[in-house]
Amino acid sequence: MPIIYSSDSENETTPRTKLFGRQRPIRSVLGGGQVADVLLWENKKVSAALSVGMTVLWLLFEVAEYNLVTLFSHISIATMLIVFIWFTTADFFNWSHPELPTSILDKSTFQEFASTLHGRSNQALSKFMDIARGKEPALFFMAIFFLYILSVIGNYFTFLNFLYLCFVCLQTLPFLYNKYEDEVDRYAGKLIRRAKKMFKRFDSSVLNKIPRGPAKEKKTR
């Protein structure tokens, strides 16, 4: 009895490609350094503190419906009272004054974050222009479909909720992909191959049957 191999077995023999056709590891794609450490949860303290802080802000603004100016004023008043009581108590008991931080972020960390954001923004703009030019028709229609779904989702979310959702995705998706990279690449490769086959069928059965006018010849003087 002859053995018939399915398309899935053929896909397993084909060389696997990385998601989005990238050649570099995910850490390098994220810019490396401290930004990648936070997004990949390699610096767990900073990642956890950032997640808790953003969640608290989201709860205050979206759930408790706090006003930004009111929240800033209350935090500033509480901070000033704590520092005043701290220094007054130290002077009364002849204790040494506590050391207060003079900066929130190191200059190198801020410059690294800004440089990474600038580079990723330029790459995203370049990729968007390539897709818009129609170099890859399958990717073009997938991008249109994704943007349409995004516009529908936007009708059910406020801007703050959308920003928080993007933050949660940034804090979870790179970490999960880095942990299950082989599995994600395998299933994503199958989906991409199926999408390309569907587009080829659509192209041959619909697009190629659309009548086109004869090409105009250029007049020579």
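**View 1. Trp-41, partly exposed in a loop.** Trp-41 counts as partly exposed because its relative accessible area is 26%, which falls between the cut-offs of 20% for buried and 50% for exposed. This is a predicted model, and here Trp-41 sits in the loop that links helix H3 (33–39) to helix H4 (44–63). Its backbone is worth a look too: phi is positive, at about 60°, although Trp-41 is not a glycine.

**View 2. Asn-94, another non-glycine with positive phi.** Phi of Asn-94 is near 55°. You'll find Asn-94 in the loop between helix H5 (68–92) and helix H6 (107–132). With a relative accessible area of 71%, Asn-94 is over the 50% cut-off, so it is classed as exposed.

**View 3. A nonpolar patch on the surface.** Eight side chains make up this one: Phe-145, Tyr-148, Ile-149, Val-152, Ile-153, Tyr-156, Phe-157 and Leu-165. Taken together, they offer about 800 Å² of accessible area. The top contributor is helix H7 (residues 137–154), which supplies five residues. In an α-helix, residues three or four places apart point the same way, because there are 3.6 residues a turn. Phe-157, for its part, belongs to the loop between H7 and helix H8 (159–179). Phe-157 is partly exposed, at a relative accessible area of 38%.

**View 4. Helix H9, end to end.** H9 runs over residues 181–205, which makes 25 residues. At 1.5 Å a residue the helix should span 36 Å, and its end C-alpha atoms are indeed 36 Å apart, so the two values agree. Its buried residues are Glu-181, Asp-185, Ala-188, Gly-189, Lys-190 and Phe-199.

**View 5. The start of the chain, residues 1–14.** Go easy on this one: pLDDT stays under 50 throughout the stretch. The model gives residues 1–14 six contacts beyond four places in sequence. Where pLDDT is low, the predicted coordinates should not be read in detail. For the protein as a whole, the mean pLDDT is 78, and 80% of residues reach 70 or more.

**View 6. The whole protein, for context.** Zooming out, you get nine helices and zero strands. Of the 221 residues, 15% are buried. Among contacts between residues at least 6 apart in sequence, 60% join residues at least 24 apart. The accessible surface adds up to about 18400 Å², with 67% of that belonging to carbon and sulfur atoms.

Terms used
Residues are numbered from 1 along each chain as its sequence is written. Side-chain values use heavy atoms; hydrogens and water are left out. Helices (H or I, at least four residues) and strands (E, at least two) are DSSP runs, numbered from the N terminus. The expected span of a helix is 1.5 Å times one less than its number of residues. Buried means under 20% relative accessible area, exposed over 50%, partly exposed in between (1.4 Å probe, protein chains only). pLDDT is the predictor's confidence in each residue, from 0 to 100. Contact means heavy atoms within 4.5 Å. Patches are made of residues with over 30% relative accessible area and no salt bridge: like charges are joined within 9 Å, nonpolar side chains (Val, Leu, Ile, Met, Phe, Trp, Tyr) within 5 Å. Accessible areas come from the Shrake-Rupley method with a 1.4 Å probe; for residues, only the protein chains shown count as cover. A salt bridge is a side-chain nitrogen of Lys or Arg within 4 Å of a carboxyl oxygen of Asp or Glu.
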